[in-house]
Amino acid sequence: GTALGSLTSLTSLRLAMPYSELGDDGALALVVPLGKLTKLTSLHLDVTRNDIGPEGIDGLAVNLKKLTRLSSLELQLGYIPIDSDGVQALARSLTSLRNLTSLELDLHNCHLDAEKIRNLASVLVGLPRLTSLTLDLGDNRMGPEGADLLAKAIGSLSNLTSLNLRVGSNQIEFEGVRSLI
């Protein structure tokens, strides 16, 4: 497959491959050509419920980092267990996307705890141009500490005009709710 990587003039791409049993090899075959599309300003990538492991997540992060013109990113990784190294790699790549004004990130049921949320929160602080943010962090394990970290990061986004936040089933308790509200 070189078809996708040869479309170097693309500025917008919507690619949905949920439930496709990609695994690491399939994920790498998908994301390596994406890294060649450096003119993209808008990317929607849905790989929800695929068996992507650390190698595939790292490949995604490395290639996302190359798309520095992105102003809009929708990344759906729901139901993919992401380890600490994977969250750190994604955080580093997202932080390099300085032109982002719109970010939609679906990390529903990705086994995120407070420490992984800390890495994600650092991404948000590093994206001050965001005007629209959608986060689906439902069914993780962030707890009150993660909710507090997330709330502080969102609070730093002074240009935000639209926020959609899903954090159900995270054991955030009263303290977490108080931080977020």
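## Strand β4 and its neighbours

Strand β4 is joined to strand β5 (residues 132-136) by five bridges, with the two strands running parallel. One pairing to look at here is L105, which stands opposite L135 in β5. Getting from one strand to the other takes the chain through helix α4 (residues 114-125), and β4, α4 and β5 together make a right-handed β-α-β unit. Keep in mind that this is a predicted model.

β4 also pairs with strand β3 (residues 72-76), again in the parallel sense and over five bridges. On this side, L73 has L103 in β4 as its bridge partner. The link from β3 to β4 goes by way of helix α3 (residues 84-95), and this β-α-β crossover is right-handed too.

## D106, a buried acid

D106 belongs to β4, which covers residues 102-106. What does D106 touch, once its neighbours within four places in sequence are left aside? The list is T48, L75, Q76, L77, G78 and D136. Two of those names tie back to the strands: Q76 sits in β3, given its range of residues 72-76, and D136 sits in β5, given its range of residues 132-136.

So much for contacts; charge is another matter. D106 is buried but has no salt bridge. The nearest side chain of opposite charge belongs to R166, and that is 6.1 Å away, whereas a salt bridge calls for a nitrogen within 4 Å of a carboxyl oxygen.

## Two loop residues with positive phi

N109 is in the loop between β4 and α4. Its phi is positive, at about 55°, even though N109 is not a glycine. Is N109 buried, partly exposed or exposed? It counts as partly exposed, because its relative accessibility is 25%.

S169 is another non-glycine with a positive phi, this one about 60°. Look for S169 in the loop between β6 (162-166) and α6 (173-180). With a relative accessible area of 51%, S169 is exposed; the cut-off for that label is over 50%.

## Helix α5

Helix α5 takes in residues 143-155, 13 residues in total. At 1.5 Å a residue the helix should span 18 Å, and its end C-alpha atoms are indeed 18 Å apart, so the two figures agree.

Which residues of α5 are buried? They are G143, G146, A147, L149, L150, A151, A153 and I154.

Key. Residues numbered from 1 in each chain as written. Predicted model: local features only at pLDDT ≥ 70, side-chain atom pairs only at ≥ 80, totals over all residues. Heavy atoms only, no water. Helix = DSSP H or I, 4+ residues; strand = E, 2+ residues; numbered from the N terminus. Buried < 20%, exposed > 50% of the residue type's maximum accessible area, 1.4 Å probe, protein only. Lys, Arg positive; Asp, Glu negative; His and termini not counted. Contact = heavy atoms within 4.5 Å. Expected span 1.5 Å × (residues − 1). Pairing = 2+ DSSP bridges. Right-handed = clockwise from strand over helix to strand, strands pointing away.
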